[in-house]
Amino acid sequence: MSEAESISLDLLDRRTVRARARNIMIAAVLVAAAFGGIVGLFAGGQGFAIAAAIVAVPLLLLALVESRKTLSLRDGQVIARALGTRVVSLREADRLELFITDVRGARTVNLLVGGPPKGKAISISLAMYAGTGGRELGIYALRRLADTLASNADTRALVLSQLIVEQLRAEARGDAAPQRPLYVLASAAPQGRVAQRLNPDAVSRFVAELGR
């Protein structure tokens, strides 16, 4: 595969993405109807319609974006497509952060990259864990991410590249999920927060220990 060819960075398959989007749509309708019904008791039919629309429209838009969102790596650029297109040059990115999301017992390790050419930011889901198992981005996609990050002179990019390399080494050894670096990071994050950014210095120390 040549450098200019596109590599998918989608953690979830399209069937799962569509199912999640459908669930969001159903939830949007139910929540909007309930909220509208409460308002309608005092403001009548017009109040019901306005209140329901205020709640439903953002959630339905979110479902639409989720159903159409795709991520790819092409020629050193991360490309996110949904209702529009966002592009971040991974080789020049100056915003590089790891954050963990915790939703319904499933923890996702995300890489947030931002910078040139337009100062946008894109979140890449590297792995999702629940219990002692989960789903991880494909080996080839992780390898190319690591290689591209290594071409960025920013120290944070080099640390993240090495983290992914250690993840790949754990995969090659056949380590179970709880022994893999991304799982360890996900499980070490404090509970009770939907999303939390990992301290870059702590990540650097963690990666340094992995290499010993």
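Strand E6 (residues 106-115) is a good place to start, as 10 of its 10 residues are buried and the strand is mostly covered; buried means under 20% relative accessible area, exposed over 50% and partly exposed in between, with a 1.4 Å probe and protein chains only. The model is a predicted one, in which local features need pLDDT of at least 70 and side-chain atom pairs count only at pLDDT 80 or more, while totals for chains, interfaces and linings use all residues. Residues are numbered from 1 along each chain as its sequence is written, and side-chain values use heavy atoms, with hydrogens and water left out. Helices (H or I, at least four residues) and strands (E, at least two) are DSSP runs, numbered from the N terminus.

Both sides of E6 are covered. Ala106, Thr108, Asn110, Leu112 and Gly114 point one way, Arg107, Val109, Leu111, Val113 and Gly115 point the other way, and all are buried. Two strands count as paired if DSSP finds at least two bridges between them. Strand E5 (residues 95-103) pairs with E6 in the antiparallel sense over 9 bridges, and E6 pairs with E7 in the antiparallel sense, also over 9 bridges. Val109 can be followed across these pairings: Ile100 stands opposite Val109, and the bridge partner of Val109 in E7 is Ala127. The hairpin of E5 and E6 has 2 residues between the strands, with Arg104 in the turn at a positive phi of about 55°. In the hairpin of E6 and E7, 4 residues lie between the strands, and Gly119 in the turn has a positive phi of about 70°.

Another group of 4 strands forms an open, antiparallel sheet in the order E1-E2-E3-E4. Strands E1 (7-8) and E4 (85-89) stand at its edges with a single partner strand each, so one side of each is left without a neighbour in the sheet. Strand E3 (residues 77-81) and E4 pair over 5 bridges in the antiparallel sense, with Val78 opposite Val88 in E4.

Strand E7 also takes part in an aromatic pair, of which the structure holds 1. The rings of Tyr129 and Tyr183 have their centres 4.9 Å apart and their planes at 70°, so the pair is edge-to-face. Rings of Phe, Tyr and Trp (its six-membered ring) pair if their centres lie within 6.5 Å; planes under 30 degrees apart count as stacked, over 60 as edge-to-face and the rest as tilted. Tyr129 lies in strand E7 (residues 120-130) and Tyr183 in helix H4 (residues 181-188), so the pair ties together parts that are 54 residues apart in sequence. Tyr129 is buried at 4% relative accessibility, and Tyr183 is buried at 13%.

Tyr129 leads on to Gln167 in helix H3 (residues 155-173). Gln167 is buried, with a relative accessible area of 2%. Leaving aside neighbours within four places in sequence, Gln167 is in contact (heavy atoms within 4.5 Å) with residues including Tyr129, Glu136 and Leu142.

Helix H3 also holds Glu166 and Arg169, 3 residues apart and separated by about one helical turn. Glu166 forms a salt bridge with Arg169, the closest N and O atoms being 2.9 Å apart; a salt bridge is a side-chain nitrogen of Lys or Arg within 4 Å of a carboxyl oxygen of Asp or Glu. Glu166 is buried at 7% relative accessible area, whereas Arg169 is partly exposed at 43%.
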